[in-house]
Amino acid sequence: MSDLEKFRTETRAWLEENCPPSMRTPMPEDETCWGGRNPVYKNPGTKVWMDRMGARGWTVPTWPREYGGGGLSKEENQILQQELWRVRARMPLASFGIWMLGPALLEFASEEQKRHYLPQIARGEIRWCQGYSEPGAGSDLAGLQTKAEDMGDHYLVNGSKIWTSYGHLADWIFCLVRTDPKASKHRGISFLLFDMATPGVSTKPITLISGASVFAQTFFDNVKVPKPQLVGTLNDGWTIAKALLQHERNMIGNMGNTGITGPGGSRSPAAMAKRYSGEIKGRIADPALRLEIARHNMNSRAFGVTGQRMADEMKAGAPPGPASSMFKYYGTEQNKRKFELLLQAMGTSALGWEGKAFDENELGVTREWLRSKGNSIEGGTSEVQLNIIAKNVLRLPD
Amino acid sequence: MPMPLMLNEDQVQLKDAARAFIQAKSPVTAFRKLRDNREPDGFDRKLWKEMAELGWAGIIIPEEFGGVGFGYVGLGVVLEEAGRTLLASPLISTALIGATAVLLGGSSAQKKEILPAITTGGWLMALAHEEGPHHSPYAVSTKAKAEGDGFILSGKKTFVLDGHVADQLIVVARTSGKRDAKQGLTLFLVDRATPGVKVTRMHMTDSRNAANVSFSKVKLGRHHVLGGIDQGTDILDAVLDRARIGLAAEMLGGVREEFERTVEYLKTRQQFGVLIGSFQALKHRAAEMFCEIELSVSVVLDGLIAIDENRNDVPQIASLVKARLNDTYFLVSNEALQMHGGIGMTDEFDMGLFMKRARVAMASFGDSLFHRDRYAALEGY
């Protein structure tokens with residue numbers, strides 16, 4: 001038996017034994033496991049599953065073992081993912097630490113910082129949030145004004161962040177701050193980590209058009225941050241910020257293509273069109289809607305194939321190139337279109353707000369449709385992504 | 001393990017060689033000359049011989065029949081380069097469609113006779129399937145009536161690509177059932193010189209070759225059948241899917257050429273004292289095209305690989321690829337013309353040539369509405 005086959009056999013056996021049955025069912029959104037200091041586990045299996053996977057480093061399978069990862073090769077990770085899919089295992093841990101901060105720390109942090117922060121992320125002990133946007137710095141992110149002054153043994157942080165995803169629920173923040181107000185705007189920024197429980201930090205949840213509060217505004221009033229919590233070089237935080245944004249954009253761009261509302265899912269636009277607007281001989285009755293859905297699904301598939309092509313090219317040594325801006329732009333526009341199609345397919349059934357006149361799925365579609373509008377804004381607007389492509393790929397003049 | 005979505009070393013080499021050859025021997029000016037001289041053949045026979053000597057006529061044909069066995073990825077690579085210069089040649093009608101039909105449906109005797117003749121550039125082939133102005137594979141009224149040992153073929157075909165120069169026509173005829181029935185079709189190999197075959201050239205806007213072909217009581221023998229009697233639908237569908245993906249590869253070449261020229265123009269043309277490429281209205285449109293093109297590159301390659309790997313999703317991917325390249329060529333040819341402004345409207349400039357080619361290619365083997373509906377049907381909705 002080859003090593004990979006052996007790995008597969010062992011993995012399969014381990015999952016059979018360790019993945020709780022309640023973690024092998026489709027996950028309702030309110031059972032997503034975010035870990036952290038103050039977790040809420042509606043389903044007790046959630047914590048068991050996170051702890052078991054975390055202990056093996058399989059919440060972050062390809063991170064090095066010394067940082068709490070699984071130390072798996074690409075091939076092994078592929079097998080692990082296949083085996084997880086085979087038992088329909090839920091994602092053990094949702095985390096901005098895993099998706100965004102971790103990759104940036106692996107690239108830019110000191111050895112000591114990596115050994116300290118990464119294992120906590122892997123085990124889901126600390127829930128992180130991102131302090132990027134400010135009321136006056138949205139698309140123009142580098143125009144941020146939150147300042148950190150050098151006070152000898154610490155930095156003193158003052159200012160405010162906005163659109164901090166789950167800022168009111170997070171334990172720690174990775175935060176862009178201005179450390180040199182005299183330098184040009186990209187040059188005077190630094191990357192700080194600090195505890196949200198530090199005196200002077202306060203948050204206020206923001207209610208979105210969907211009715212949910214997934215973002216907060218965050219205020220810093222004379223917050224003392226110990227100097228060892230600076231990542232990378234002082235005043236060179238923009239380099240880290242940009243790298244991290246690429247991870248964020250990949251994450252957001254990938255959201256729409258999978259799951260139960262994706263093509264082939266049980267609540268896909270095609271399935272909903274049949275159920276809510278009629279079916280004739282196994283086909284969506286309305287030909288105009290049918291063609292719109294087909295166009296959308298073909299684009300989704302083309303988008304998926306493109307992701308695969310880019311991955312294959314990178315495996316063969318090609319630089320990452322324009323991928324993240326294209327993925328962010330196209331993926332989020334697709335996700336928005338998906339929800340528009342769901343609304344079109346479901347008619348007034350997807351326009352309910354609350355109450356017993358609608359079922360849970362119907363109400364969910366209304367809310368998710370509204371939430372999806374933010375996809376092409378957060379992490380850099382679609383317009384910003386197009387600017388980046390025009391500048392960095394097509395080399396069009398300023 | 002599935003094949004990675006990349007060209008391998010041999011294929012990259014082929015692409016480079018194809019580009020060098022085509023750019024040198026048949027730039028857009030060569031196509032212009034064919035058009036302006038009203039060449040009766042509509043393509044350059046001498047050049048086709050040279051292409052055959054390079055192995056391109058038999059590029060998908062296995063070595064046992066004299067071909068080079070480079071597969072559809074190989075052919076796609078050449079077609080893409082041909083699309084860049086609007087090279088008019090029998091690559092689609094013969095190297096792609098003719099060879100595919102014989103490979104998939106031919107008896108061993110037919111393969112031995114026809115495939116080597118295609119490979120040397122000796123025989124030209126044409127698929128005669130359409131009967132109306134819209135692609136509709138089963139809307140076949142042309143009849144082959146069994147009589148004695150053979151058949152009597154009667155009917156009319158239109159938009160037969162390379163029909164007026166083809167030596168052999170592959171004719172889709174009805175041997176049973178009514179027009180629009182999916183079953184009851186049979187493919188016939190018909191020599192163009194057979195009495196009762198009448199070919200009229202169609203002068204299309206893209207200056208490529210197409211023809212109306214009529215069959216008036218054409219006598220055929222059993223040996224003219226390609227595949228089985230009443231068994232033509234499966235072969236036809238498979239041939240059309242390969243034609244769609246191959247043509248899409250050619251379209252991709254046109255798309256990339258036009259896009260590159262347009263981006264270049266945005267960097268050189270000045271108005272209001274600045275380069276027009278600095279205008280955000282144009283930047284965003286260019287960036288959007290870039291995304292659509294990247295997706296198109298992926299699906300064309302995936303489609304070609306799907307054929308070579310004999311994957312069972314070839315029908316879906318063929319419809320996806322054709323619809324996507326229809327839409328992308330449409331977008332890029334229109335945007336290219338608009339962004340070039342007045343000069344784009346002149347015959348002297350090439351943008352119009354690409355737009356005309358785009359429109360004819362879009363109508364060949366199914367427009368986007370056809371393929372969206374087919375994709376939906378194949379996916380169960």
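Two residues are in contact if their C-beta atoms, placed from the backbone, lie within 7 Å. The model used here is predicted.

**Exercise 1. Describe the contact between chain A and chain B: how many residues does each chain give, and which elements of chain A take part?**

Step 1. Count the residues on each side. Chain A gives 35 residues and chain B gives 33 residues.

Step 2. List the elements of chain A that supply two or more residues to its side. They are helix H7 (269-277), strand S10 (283-284), helix H8 (287-315), helix H9 (323-346) and helix H11 (382-393).

Step 3. Pick out the main contributor. H8(A) gives the most, with 16 residues.

Step 4. Sort the side of chain A by class. It has 20 nonpolar, 5 polar and 10 charged residues.

**Exercise 2. Describe chain A as a whole: how many helices and strands does it have, and what is its radius of gyration?**

Step 1. Start with the elements. Chain A has 11 helices and 10 strands.

Step 2. Take the radius of gyration, which is 22 Å for chain A. The globule rule gives 21 Å for 398 residues, and the two values are close, so chain A is as compact as a globular protein of that length.

Step 3. Add the box. Along the principal axes, the C-alpha atoms of chain A fill roughly 75 × 55 × 45 Å.

Step 4. Look inside. Of the 398 residues of chain A, 43% count as buried.

Step 5. Check the contacts with a separation of 6 or more. In chain A, 68% of these join residues 24 or more positions apart.

**Exercise 3. Find the domains of chain A, then describe how domain 2 of chain A meets domain 3 of chain A.**

Step 1. Read the assignment. Chain A has domain 1 (3-94), domain 2 (128-235) and domain 3 (254-393).

Step 2. Take the centres of domain 2 and domain 3 of chain A over C-alpha atoms. They are separated by 32 Å.

Step 3. Count the contact. Domain 2 of chain A gives 7 residues and domain 3 of chain A gives 6 residues.

Step 4. Class the domain 2 side. It holds 4 nonpolar, 3 polar and no charged residues.

**Exercise 4. Do the same for domain 1 of chain B and domain 3 of chain B.**

Step 1. The assignment for chain B is domain 1 (9-124), domain 2 (127-230) and domain 3 (234-378).

Step 2. The centres of domain 1 and domain 3 of chain B lie 21 Å apart, over C-alpha atoms.

Step 3. Domain 1 of chain B gives 20 residues to the contact, and domain 3 of chain B gives 24 residues.

Step 4. On the domain 1 side, helix H4 (71-84) and helix H5 (91-105) of chain B each supply at least two residues. H4(B) gives the most, with 11 residues.

Step 5. That side divides into 12 nonpolar, 5 polar and 3 charged residues.

Methods. Residues are numbered from 1 along each chain as its sequence is written. Chains are lettered from A and ligands numbered from 1 in the order in which they are written. This is a predicted model: local features need pLDDT of at least 70, side-chain atom pairs count only at pLDDT 80 or more; totals for chains, interfaces and linings use all residues. Domain bounds come from an automatic or database domain assignment. Helices (H or I, at least four residues) and strands (E, at least two) are DSSP runs, numbered from the N terminus. Ala, Val, Leu, Ile, Met, Phe, Trp, Tyr, Cys and Pro count as nonpolar, Asp, Glu, Lys and Arg as charged, and the others, Gly among them, as polar. The radius of gyration is taken over C-alpha atoms; the globule rule is 2.2 Å times the number of residues to the power 0.38. A residue is buried if 20 or more other C-beta atoms lie within 10 Å of its own, exposed if 12 or fewer, and partly exposed in between; C-beta atoms are placed from the backbone.
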